[in-house]
Each structure stands twice: as C-alpha cells, then as structure tokens.
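The following exercises concern one protein chain. Please work through each task with the structure in view before reading its solution.

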Amino acid sequence: IQDMDLLSDMFKEAGLRRRLLDLHGVAAGAASRFPCERSLGFHVVLHGTAYLHVGPASAPLRLEAGDIALMARGCEHVVAAAPSLTGLTVTTMAPAAGEIGGAAAGTAGAVGLVSGAYQLWHAPMHPLVAELPVWHVRSGGQAAGLDPVALTVAMLADELRGGALGRDAVAQALLDVLFTHLLRDAVAAAGARGTGWSHAVRDPQVRDAVARLHADPAAPWTLASLAQAVGCSRSAFAERFRAAMGEPPLAYLRRVRLQRAMRLLTESDRTLEQVAAAVGYGDAFGFSKAFKRAIGESPGEFRKRDVRERTSPWRFGGEAVMGAGG
C-alpha cells in the first residue's frame, strides 16, 4: 500500500483537466492576462525576460530564459515583458481557446513562453493544495546534467514548433510529465518545511495509513483498525499522525471521502444512496449532512450547480486527466 501513487490519486479524485496554452509570445508593449482562479498551471520562459504580475500589492516576479513559474493555487495574473503594466496593452486569454493571442514566439523583443493550465473547477479539499505556495519558481540554473525538467521543456518546445505526425498527442503527454515534475519539486520544498501533508507522507507509517485511506475510503475505518493495519499502537499512531499531518486520522478520512463524493456526483449518475455507500456512509441522510457541513450545500444542490456550470466558456471540457483511470 505504501507504494500507492498518492499524487496521481489526488489528481484523479479532483477531476483534474488540462489545457495546453501552446507556444506563444508577449511583445514588449503588450501583456497577457490569465484569469485562472480555478486552475493550477505553469509558464516556461524560452527566451527573453518575463515579469509575472500577481496583484497591485506585490512586486512582479522576474523570470529569465529557462525559468519556470508553477502556479500551485489559482489566481488571476498577468505576464508581461516589462516590470510595470503602465501603458501596456493587456489581452485576456480567450476562454475557449487552446492558444493565447499576441506576438508570435519568434518576434523580436517578445518573451517566448510555453504555458499549461490544469483546472480544478470545484474547490479542492486536499490539504496538499492548501499548503503549497501560490507560486513556486524553478530557476533555469537548477538544471544539471540529464535534468528531467530541462529535457522535457526542450522536447515540448521542439514538438510545438514542428508539425510532425502525432504532435498534439506527444505535446499533451509531455505537458503532463512537466507538470508532474514541477509539482514534485514544489511538494519536496513544502515537505522540507516540516509540517503538513508533504512532510507527513515522508513518515513510512503515516504514508501507509494515508495510502490505505485513499485506496479504500468506504471501509469502516477506526483509529484502532488503522493503527493495527500500519503496525503501530493506537495512541502512538494517533499522536504521530496528528503531529505530522496537523489533523487526526479520521478527520483526514472525512476529507478523502468527501473529495471522492464530489467526483462521483459530477462524473456519474449514481443516486445519493449509492454515492453515500461508495464513500463509507451508512445512509444518504448522514452523508448529506456531512457533505453540506463541509461544502456548504447539499449533494443535490452541488450536483445541480455542476450541471449549470458545464456551459461556462471558462470550464475545460473533456475527460479528467492525470491518473484518471480506475
């Protein structure tokens, strides 16, 4: 169980969907706005100096060629070739487009970028998302030898510049590889700080427990049965889990159950009774009560809202990606 791919499981349960924003450029007198409050994503600077503006209260992030900025939590931002937006023409990314308008990537004075977005339409409950910094910047100077991130960036840029057979399929696969490596970096950096989910899963017994909860959230877990499953005494396990994760094991289990319930409500036509049983609740009433307390609306209201919002031009279509099987 410890070898379960917890990151891919998180993607699957969150119903993550991707959009490749392609190879594009931002001219010296222009800027591109990304209204990404419900997305994760990244920008790779291929050439030039880019400035990432995240709000009037913050100084822009300066990114040189080779740098990558990972947005681990959604926020509207603007990418420009200047440290100030004064006098610039700001173009908002078109909601239904796979590419961003503006200068061609090779235009003189333009910043060349490859960007990708991964949408979490419904607010994610997974603690990993909450603990990561909004922006995680990976300097191009970090690459050494056969660095997987640098190699993937080079292959992705080369694929997007050409018109070879299978271009889109290869580009989408490379996009996922790059995004996963960037998240690994961000998780490792967060784990080094010594608290939260990223740190907790470094502990073999805590990781084993987390994997078991993800693998079978419908099981009638108790603190005692979970402690026994990972080979630890009840009191020692409870203290160890809380110290590492910041919450008790059964509180974490409720998160896992409700995240899966959100996916089942949006991706299947199961009845409330069937969803309740699939996530470990004995009846629809108890499930509905727990769901409303955590999410702020009943499962039925949540499902109806999801149906209405599917027509939004800002919502990514297609099947869930990144570990969506199973």
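**Exercise 1: Strands and their partners**

Task: State how strand β4 is joined to strand β7, and how many bridges are involved.

Solution: In this predicted model, β4 covers residues 50–53 and β7 covers residues 77–80. The two strands run antiparallel and are joined by 3 bridges. Within this pairing, leucine 52 has valine 79 of β7 as its bridge partner.

Next, place the pair in its sheet. The sheet is open, has 5 strands in the order β5-β4-β7-β2-β8, and shows mixed pairing. At the edges stand β5 (61–63) and β8 (89–92); each has a single partner strand, so one side of each lacks a neighbour in the sheet. From one strand to the next, the twist averages 25 degrees.

**Exercise 2: Two helices in contact**

Task: Determine how the axes of α1 and α9 are oriented to each other.

Solution: Helix α1 spans residues 6–14 and helix α9 spans residues 249–267; their axes come within 8 Å and cross at roughly 45 degrees. Angles of 35 to 65 degrees fall outside the parallel and perpendicular ranges, and the two helices are therefore oblique to each other. The contact is made by Asp9, Lys12, Glu13 and Ala14 of α1 with Gln259, Arg260 and Arg263 of α9. By class, these are 1 nonpolar, 1 polar and 5 charged residues.

**Exercise 3: The chain as a whole**

Task: Decide how compact the protein chain is for its length.

Solution: The chain contains 12 helices and 10 strands. Its radius of gyration is 21 Å, close to the 20 Å given by the globule rule for 326 residues, so the chain is as compact as a globular protein of that length. Buried residues account for 47% of the 326 residues.

Conventions
Residues are numbered from 1 along each chain as its sequence is written. This is a predicted model: local features need pLDDT of at least 70, side-chain atom pairs count only at pLDDT 80 or more; totals for chains, interfaces and linings use all residues. Side-chain values use heavy atoms; hydrogens and water are left out. Two strands pair if DSSP finds at least two bridges between them. Helices (H or I, at least four residues) and strands (E, at least two) are DSSP runs, numbered from the N terminus. Axes are lines fitted to C-alpha atoms, for helices over the stretch in contact, and angles run from 0 to 180 degrees between N-to-C directions. Angles under 35 degrees count as roughly parallel, over 145 as roughly antiparallel, 65 to 115 as roughly perpendicular and the rest as oblique. Contact means heavy atoms within 4.5 Å. Ala, Val, Leu, Ile, Met, Phe, Trp, Tyr, Cys and Pro count as nonpolar, Asp, Glu, Lys and Arg as charged, and the others, Gly among them, as polar. The radius of gyration is taken over C-alpha atoms; the globule rule is 2.2 Å times the number of residues to the power 0.38. Buried means under 20% relative accessible area, exposed over 50%, partly exposed in between (1.4 Å probe, protein chains only).
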